[in-house]
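Here is my note on the model you sent round, set out as numbered points. I have kept to what can be followed directly in the coordinates.

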Amino acid sequence: MAPADPRTPANDVWLPIPADEIGGLPDGFDYVHWDAGQPEFPADPARCAFYVVPYMKDPQVCIRPLTEMTGLRAVQSLTAGIEHLLPALHQLPPGARLCNARGLHDASTAELALTLTLASLRGIPEFVRGQDEGRWLNGFRPALADKTVVIVGYGSIGSAIEDRLTPFECARVARIARTARETVRGPVLPLTELPAVLPAADVVIIATPLTDATRGLVGSDFLARMKDGALLVNVARGAVVNTEALLTELESGRLRAALDVTDPEPLPAGHPLWHAPGVLVTPHVGGPSSAFLPRAKRLVRDQLTRFASGDPLCNVVATAG
């Protein structure tokens, strides 16, 4: 391909979804389809002004064109977490904005958080194994009703989780975030209050982003404060939980866990988490569901409409410079 003329402003938009499948995109841009599945770039990266990062692809492949995107003005992630993109921030032209996908995965991730919670409490994994073996495993199991639930990470996903908890008649939902604030449902407590809240929790749902402050947050001290028989549900990032500390509690039988994310990830065959007592593991499927594509298209359309009109972009989490 011919190199970009440095006198010509970058005007390409790189999309992981074909433009004609999104529909309603603003005129005036040249839309280029690249889903990180091809080794060759589909156009000169220097002409790219707006880059939508491919979803669920190797992060190293996705950030590869950034060093050549000299005219880039915005990067749009299709994930709520952007820790895989932050190391590449210094490669972006000064003033380029990095946007996350806040809101995109709320419904799907919150739905899975409730699925994992209910399945673990009601013993669904044991019932499935019993069905495979032709065994009738009746008896009492814990209900979600009358339980105390703590949500650690009360952003848009945490709020969506509480939306879905509401019909289940929980005794209490405690909300924890980086800083305190008030909501229509009640107070959100700061992280500093977490040690005081954990001992009463029957279920602790982790929905916080992975940052320097949250990496390893769920360690030995955190887990030791949870009551005997409590359930830990992680739909955030695997590295928020210290795997060795969790394994110690699981293998003792004191705690249970339902994990959509793990550290390491993917979880290698033979890793002790696969067979630890009281654990349910799903392979990071909180986001990829039928809810993803229509919401991703809507997000991209809305952001590009703002970009074309010069309006502020939503969900700007960092600016190069």
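1. In this predicted model, a polar atom of the histidine 105 side chain lies 2.7 Å from the backbone oxygen of leucine 78. Histidine 105 itself is placed in the loop between β5 and α3, the latter spanning residues 106-121. Is histidine 105 buried or exposed? Its relative accessibility is 6%, and because the cut-off for burial is under 20%, histidine 105 counts as buried.

2. The surroundings of histidine 105 can be listed once its neighbours within four places in sequence are left aside: the residues in contact are then Tyr55, Leu78, Thr79, Ala80, Ala110, Gly287 and Phe292. Leucine 78 thus appears both in this contact list and as the owner of the backbone oxygen described above.

3. Turning to the sheet that contains β5, 6 strands are arranged as an open sheet in the order β2-β1-β3-β4-β5-β14, with mixed pairing. Its edges are formed by β2 (30-33) and β14 (316-319), each of which pairs on one side only. On average, and with direction ignored, neighbouring strands of this sheet are turned by 20° against each other.

4. At the β14 edge, strand β5 (residues 97-99) runs antiparallel to β14 and is joined to that strand by 3 bridges; within this pairing, arginine 97 has threonine 319 of β14 as its bridge partner. Helix α9 (residues 292-309) packs on the sheet, where it touches β1 (12-15), β2, β3 (48-52), β4 (74-76) and β5, and the direction of α9 makes about 155° with that of β3.

5. A separate topic is strand β11 (residues 231-234), which is covered on both faces, since Leu231 and Val233 on one side and Leu232 and Asn234 on the other are all buried. What stands opposite valine 233 of β11? That position is taken by isoleucine 205, and the strand β10 (residues 203-206) pairs with β11 in the parallel sense over 4 bridges. Between β10 and β11 the chain passes through helix α7 (residues 220-225), in a β-α-β crossover that is right-handed.

6. Strand β11 also pairs in the parallel sense with β12 (residues 256-259), again over 4 bridges, and here leucine 232 has alanine 257 of β12 as its bridge partner. The connection is made by helix α8 (residues 243-252), so that β11, α8 and β12 form a right-handed β-α-β unit.

7. As for nonpolar packing, the largest core has 32 residues, of which Val150, Val204, Ile206, Phe222, Leu223, Met226 and Leu232 touch the most other members. Two or more residues each are given to this core by β6 (148-152), β7 (172-177), α6 (194-197), β10, α7, α8 and β12, and the largest share, 4 residues, comes from α8. Valine 204, setting aside neighbours within four places in sequence, is in contact with Val150, Val152, Leu198, Phe222, Met226, Leu231, Leu232 and Val233. There is also a second, separate core of 27 residues, which includes Ile161, Ile205, Leu231 and Val235.

8. Finally, threonine 208 deserves a look, as a residue of the loop between β10 and α7. With 11% relative accessibility, threonine 208 counts as buried, and apart from neighbours within four places in sequence it is in contact with Val152, Gly153, Thr214, Ala236 and Val240.

Key
Residues numbered from 1 in each chain as written. Predicted model: local features only at pLDDT ≥ 70, side-chain atom pairs only at ≥ 80, totals over all residues. Heavy atoms only, no water. Buried < 20%, exposed > 50% of the residue type's maximum accessible area, 1.4 Å probe, protein only. Pairing = 2+ DSSP bridges. Right-handed = clockwise from strand over helix to strand, strands pointing away. Axes fitted to C-alpha atoms, helices over the stretch in contact; angles between N-to-C directions. Contact = heavy atoms within 4.5 Å. Polar contact = N/O pair within 3.5 Å; in protein donor to acceptor, adjacent residues only side chain to side chain. Core = buried A, V, L, I, M, F, W, Y, C linked by side-chain atoms within 4.5 Å.
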